[in-house]
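Let's take a friendly walk through this model together. Please have the sequence and the 3D view open as you read.

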Amino acid sequence: MNTKFRVSPNRSIGAGQPVYIIAEIGINHNGSLDIAKKLIDEAVAAGCDAVKFQKRTPELCTPKDQWHLERDTPWGRMTYINYRKIIELGYDEYTAIDAYCKEKGIDWFVSCWDEESVDFMEQFNPGVYKFASASLTDHALIEKVKQTGKPYILSTGMSTMEQIKSAIDKFGTDNLLIAHSTSAYPCPPQELNLRMIETLADLYPDTPIGYSGHETGLATTVAAVAMGACFVERHFTLDRAMWGSDQAASVEPQGMQKLVRDIRDVELALGDGIKRVYDSEMGAMKRLRRAQSTSTTL
């Protein structure tokens, strides 16, 4: 794979680049700009390259038969459509997020769930878009993002190989990055199927392949990097006990710091595959290796 895509003035994703680490805030901000900023601060402190949000137009993304179902929320009992509106950030919030991320030196982008949200996000000129796994079969939405000319990440959870190939055959590999994923929250280790990273890399050798994880541990995400993922994404929260459907499958700040540290260690440890004797080995070699005899016995 020799393809890379520039997604911000200082960062590219793909061949020859450090692993691009994405802290997915998603909707874990619960509609609060203050919580969003705290999550950005923690992502910066952990050493993440980007934070990612989700953007929806509630009236388009909420099935109408669910609009008026009532549910208990931290804001009281309300209809589901009103709940979806409360947790959705708007123009003022994203303007503040854009300025805050630039101030902190971290990239930000979103997963758009509908075409109107793409138009909305274009106001902020994101360097890359992400499709949630649920959107892989939404060809109208993919076409909308394709028209922006930006790189986009296609996540493959809850999808068959036929559905993945169908989307890629239709839209091609220009500006495409693929994220292997399993859409279970949280996902048990036996369903992570990390070897799909290699399968996708073999199928699309000129396309950057990454990993979007929903497991509770960290080791398997690090393993994804060892298997060739050039970007990784994990849901991110201040506290897994907070309200919200994604919180339990998210990584807390201390865990994200450890994850970033371990990914960077693995990157260094992978090396280039060329065998060499390092200076650090010379002392042990002199002490421990038996000298070869140069004499010949007749």
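The report below moves from strands to core, then to one helix and a few loop residues.

The model is a predicted one, in which local features need pLDDT of at least 70 and side-chain atom pairs count only at pLDDT 80 or more, while totals for chains, interfaces and linings use all residues. Residues are numbered from 1 along each chain as its sequence is written, and side-chain values use heavy atoms, with hydrogens and water left out.

**Strand E9 and its partners**

Let's begin with strand E9, residues 152-155. Helices (H or I, at least four residues) and strands (E, at least two) are DSSP runs, numbered from the N terminus. Tyr152 and Leu154 point one way from E9, whereas Ile153 and Ser155 point the other way, and all are buried. Buried means under 20% relative accessible area, exposed means over 50%, and partly exposed lies in between (1.4 Å probe, protein chains only).

E9 pairs in the parallel sense with strand E8 (residues 129-131) over 3 bridges; two strands pair if DSSP finds at least two bridges between them. Within this pair, Phe131 has Leu154 as its bridge partner in E9. Helix H6 (residues 139-146) carries the chain from E8 to E9 in a right-handed β-α-β crossover. Right-handed here means that, with the strands pointing away from the viewer, the path from the first strand over the helix to the second runs clockwise.

E9 is also joined to strand E10 (residues 176-181) by 4 bridges, and these two run parallel. Leu154 has Ile178 as its bridge partner in E10. The chain passes from E9 to E10 through helix H7 (residues 161-171), and this β-α-β crossover is right-handed.

**The nonpolar cores**

A nonpolar core is a set of buried Ala, Val, Leu, Ile, Met, Phe, Trp, Tyr and Cys residues joined through side-chain atoms within 4.5 Å. The largest one has 63 residues, and Val51, Phe53 and Trp108 have the most contacts inside it. Helix H1 (residues 33-46) gives the most to this core, with 6 residues. Leaving out residues up to four places away in sequence, Val51 touches several residues, among them Ile40, Ala43 and Trp108; contact means heavy atoms within 4.5 Å.

**Helix H1**

At 1.5 Å a residue, the 14 residues of H1 should span 20 Å, and its end C-alpha atoms are 20 Å apart, which agrees. The expected span is 1.5 Å times one less than the number of residues. Ile35, Ala36, Leu39, Ile40, Ala43 and Ala46 are buried in H1. They fall within an arc of 145 degrees seen down the helix axis, so they line one face of H1. The arc is that of the directions from the helix axis to the C-beta atoms. Their cover includes strand E3 (20-26), strand E4 (50-55), helix H4 (91-104) and helix H10 (253-270).

**Loop residues**

Here are three loop residues with their accessibility.

| Residue | Loop | Relative accessibility |
|---|---|---|
| Asn30 | between E3 and H1 | 11%, buried |
| Asn125 | between helix H5 (115-122) and E8 | 54%, exposed |
| Thr173 | between H7 and E10 | 39%, partly exposed |

Most residues other than glycine have a negative phi, and most peptide bonds are trans. Asn30 has a positive phi near 55 degrees, and Asn125 has a positive phi of about 50 degrees. A cis peptide bond, with omega about -5 degrees, joins Tyr185 and Pro186.
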